[in-house]
Amino acid sequence: MANDNTPALELRDLHAWYGESHILHGVDLTVNRGEVVTLLGRNGAGRTTTLRAIMGLTGARKGSIKVNGHETIGLPTHKIAHYGIGYCPEERAIFSSLSCEENLLLPPVLKGANGENGMSKAEIYDMFPNLKERRQSQGTRLSGGEQQMLAVGRILRTGANLLLLDEISEGLAPVIVQALARMILMLKKKGYTVVMVEQNFRFAAPLADRFYLMEHGAIVERFAASELQAKMPVLNELLGV
Amino acid sequence: MNLDLGISLPALLSQLLLGLVNGAFYAMLSLGLAVIFGLLNVINFAHGALFMLGALLAWAGMEYAGLNYWVMLLLSPLVIGLLGVLIEKTMLRWIYKLDHIYGLLLTLGITLVIEGVFRSIYGVSGLPYSAPELLQGATDVGFMHLPNYRAWVVMASITVCLGTWFIIEKTKLGAYLRAGTENPKVVEAFGVNVPLMVTLTYGFGVALAAFAGVLAAPVIQISPLMGQNLIIVVFAVVVIGGMGSILGAIVTGLGLGVIEGLTKVVYPEASSTVVFVVMVIVLLLRPAGLFGKEK
């Protein structure tokens with residue numbers, strides 16, 4: 001069993017390909033337990049690919065990916081989650097042939113997690129009352145915001161302590177974005193580790209403990225939230241925020 | 001008792017029942033094809049050959065080992081299901097990333113091999129197989145004599161079809177299947193062993209075909225080519241119902257059997273063509289099929 005000093009996630013010289021194209025060129029990244037870390041970067045910098053590579057959803061991969069201290073790079077996708085990862089993909093992947101509640105209950109409770117880690121259905125419905133109201137509706141009939149709540153809510157049940165959230169604030173109304181921000185703070189208080197990919201800098205800035213900046217499939221800058229002001233010129237130049 | 005058209009009611013009802021029996025086979029076979037296509041994206045041309053193997057196995061069990069109908073009704077789908085698992089693991093697994101046409105070609109090849117081997121052993125004339133004693137004879141239901149075995153086929157098929165529908169639409173396992181049909185990668189990222197699910201789904205789909213084969217053994221002549229004759233109609237049924245729809249496959253299968261039966265009464269010459277006429281009409285009006293979703 002990994003002790004508390006073991007990072008929740010540790011990437012070393014991670015390379016990943018889609019077919020012939022070499023997308024990640026040696027990503028190094030460490031996320032400690034209970035941290036909220038944001039991956040910044042332009043579109044195409046490799047942030048989404050980094051999350052997908054962790055889940056084994058890219059083509060070939062090389063390097064090292066340690067999840068809660070366990071090397072997972074050689075594992076098939078379906079085994080990786082069981083080391084404690086909840087993955088919320090950019091496309092949300094709400095299933096149209098499943099009801100809202102079936103979507104919520106779909107991800108299985110993870111083998112490595114003890115039952116107490118996961119949130120109950122009632123707790124998730126308390127956090128997102130809209131989902132309770134619409135639990136019988138077809139998943140894809142939910143509004144964009146509800147679908148996003150569902151996509152995040154369903155990975156909180158599984159006992160995963162490391163959450164990979166890809167662009168969860170994208171294209172949503174400000175009130176929904178605020179609800180998601182409150183959720184991240186609440187998750188942080190509960191001790192979850194969160195890795196976010198975010199385009200919406202104003203959403204990510206007040207939430208994250210640390211930032212990684214990606215360019216051309218590699219990490220080019222890393223800094224803590226306290227250094228954010230000092231780094232703004234670099235970010236302005238690279239991201240145009 | 002004659003209707004205005006000069007058709008006797010008993011003749012009509014008995015053709016209706018016959019149609020329902022055929023429809024029961026269409027439903028079970030197209031259901032298996034729909035489940036397989038949904039998750040594997042493979043148009044399983046080998047379905048007819050595996051249906052035939054199911055029936056042949058029932059005959060062989062009786063002939064060589066004295067195993068009766070009821071034993072083979074369970075054993076045959078099990079054996080064919082395992083054969084399906086083997087086919088999936090050794091062959092189909094490699095072609096999922098390719099276009100549908102490769103799955104079709106591969107399973108067509110498997111069909112030709114299976115049918116060829118058994119044709120060279122047993123020839124093409126039918127092998128005799130009789131219904132179990134329990135189901136022989138007929139029951140007088142007032143307006144006609146209902147052959148017990150045919151009634152059993154319809155009941156057994158509807159039970160199996162509805163059971164399958166229930167599992168897929170109403171259970172957790174079914175939710176994995178439905179979700180896996182839509183986006184297998186994400187389901188796998190949640191920690192579900194999708195590759196295993198795919199293997200078992202193929203095994204289950206072809207086990208359904210074998211179950212239909214055993215049910216058919218006493219009513220259709222068992223021959224290495226029996227699947228070939230049926231599978232073309234079944235593909236038409238799947239196209240009419242809409243690829244990948246579970247309920248669509250069941251309803252369309254039974255419905256087209258009945259339409260075929262009724263055509264035999266009204267205009268027998270058209271009975272073997274009517275399914276394809278319906279197919280053309282449906283494709284013109286609803287290209288995705290009656291229950292399919294438009295892309």
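Visitor: In which helix of chain B is the place of Gly23(B)?

Guide: This is a predicted model, and in it Gly23(B) has its place in helix H1 of chain B.

Visitor: Is Gly23(B) buried or exposed?

Guide: One counts the C-beta atoms around a residue, and 20 or more others within 10 Å make it buried. Gly23(B) has 27 other C-beta atoms within 10 Å, so it is buried.

Visitor: With which residues is Gly23(B) in contact, leaving aside its neighbours within four places in sequence?

Guide: The partners are Gly253(B), Leu254(B), Gly255(B), Leu256(B), Gly257(B) and Val258(B). A further spatial relation concerns Ser157(B): its C-alpha atom is separated by 9.4 Å from that of Gly23(B), although the two positions lie 134 residues apart along the chain.

Visitor: Which residues have the most contacts inside the largest nonpolar core?

Guide: That core has 154 residues, and those with the most contacts inside it are Met28(B), Leu29(B), Leu31(B), Ala55(B), Ala210(B) and Ala212(B). Helix H1 of chain B, residues 9-40, contributes the largest share of the core, 17 residues. To take one of these residues, Leu29(B) is in contact with His47(B), Phe51(B), Ala209(B), Ala212(B), Leu230(B) and Val234(B), once its neighbours within four places in sequence are left aside.

Visitor: How many residues does each chain bring to the contact between chain A and chain B?

Guide: Chain A brings 18 residues and chain B brings 14. On the chain B side, helix H6 (172-182) and helix H7 (184-189) each supply at least two of the residues that touch chain A. By character, the chain B side divides into 7 nonpolar, 3 polar and 4 charged residues.

Visitor: Let us turn to chain A. How many helices and strands does its secondary structure come to?

Guide: Chain A has 9 helices and 10 strands. Its radius of gyration is 17 Å, close to the 18 Å that the globule rule gives for 241 residues, so chain A is as compact as a globular protein of that length. Along the principal axes, its C-alpha atoms fill a box of roughly 45 × 40 × 40 Å. Buried residues account for 45% of the 241 residues in chain A. Among the contacts in chain A between residues at least 6 apart in sequence, 70% join residues at least 24 apart.

Visitor: What is the strand order in the open sheet of 4 strands in chain A?

Guide: A sheet is read from one edge to the other. Here the order is E2-E1-E4-E5, with antiparallel pairing. The edge strands are E2 and strand E5 (70-71) of chain A, each of which pairs on one side only.

Visitor: How many bridges join the strands that pair with E1(A)?

Guide: E1(A), residues 9-18, pairs with E2(A), residues 21-31, over 8 bridges in the antiparallel sense. The two form a hairpin with 2 residues between them, and Gly19(A) in the turn has a positive phi of about 60 degrees. Tyr18(A) stands opposite Ser21(A) in E2(A). E1(A) is also joined by 6 bridges to E4(A), residues 61-67, and these strands run antiparallel. In E4(A), Val67(A) is the bridge partner of Leu9(A), and Lys66(A) stands opposite Glu10(A). In general, side chains in a regular strand alternate between the two faces of the sheet.

Visitor: Which helix lies across E1, E2 and E4 of chain A?

Guide: Helix H1 of chain A, residues 47-54, lies across them and runs at about 75 degrees to E2(A).

Visitor: What is the strand order in the open sheet formed by 6 strands of chain A?

Guide: The order is E6-E7-E8-E3-E9-E10, and the pairing is mixed. Strand E6 (85-88) and strand E10 (218-224) are the edge strands. From one strand to the next, the twist averages 15 degrees. H1(A) packs on this sheet too, touching E3, E6, E7, E8 and E9 of chain A, and its direction makes about 140 degrees with that of E7(A). As for parallel pairing, E7(A), residues 162-166, and E8(A), residues 193-197, share 5 bridges. Within that pair, Met196(A) in E8(A) is the bridge partner of Leu165(A).

Visitor: Why is helix H6 of chain A largely enclosed by the rest of the structure?

Guide: In H6(A), residues 144-153, 8 of the 10 residues are buried, so the helix is largely enclosed. Among them are Glu146(A), Gln147(A) and Gln148(A). The buried residues of H6(A) pack against E6, H3, H4, H5, E7 and H7 of chain A.

Terms used:
Residues are numbered from 1 along each chain as its sequence is written. Chains are lettered from A and ligands numbered from 1 in the order in which they are written. This is a predicted model: local features need pLDDT of at least 70, side-chain atom pairs count only at pLDDT 80 or more; totals for chains, interfaces and linings use all residues. Two residues are in contact if their C-beta atoms, placed from the backbone, lie within 7 Å. Ala, Val, Leu, Ile, Met, Phe, Trp, Tyr, Cys and Pro count as nonpolar, Asp, Glu, Lys and Arg as charged, and the others, Gly among them, as polar. Two strands pair if DSSP finds at least two bridges between them. The radius of gyration is taken over C-alpha atoms; the globule rule is 2.2 Å times the number of residues to the power 0.38. A residue is buried if 20 or more other C-beta atoms lie within 10 Å of its own, exposed if 12 or fewer, and partly exposed in between; C-beta atoms are placed from the backbone. A nonpolar core is a set of buried Ala, Val, Leu, Ile, Met, Phe, Trp, Tyr and Cys residues joined through C-beta atoms within 7 Å. Axes are lines fitted to C-alpha atoms, for helices over the stretch in contact, and angles run from 0 to 180 degrees between N-to-C directions.
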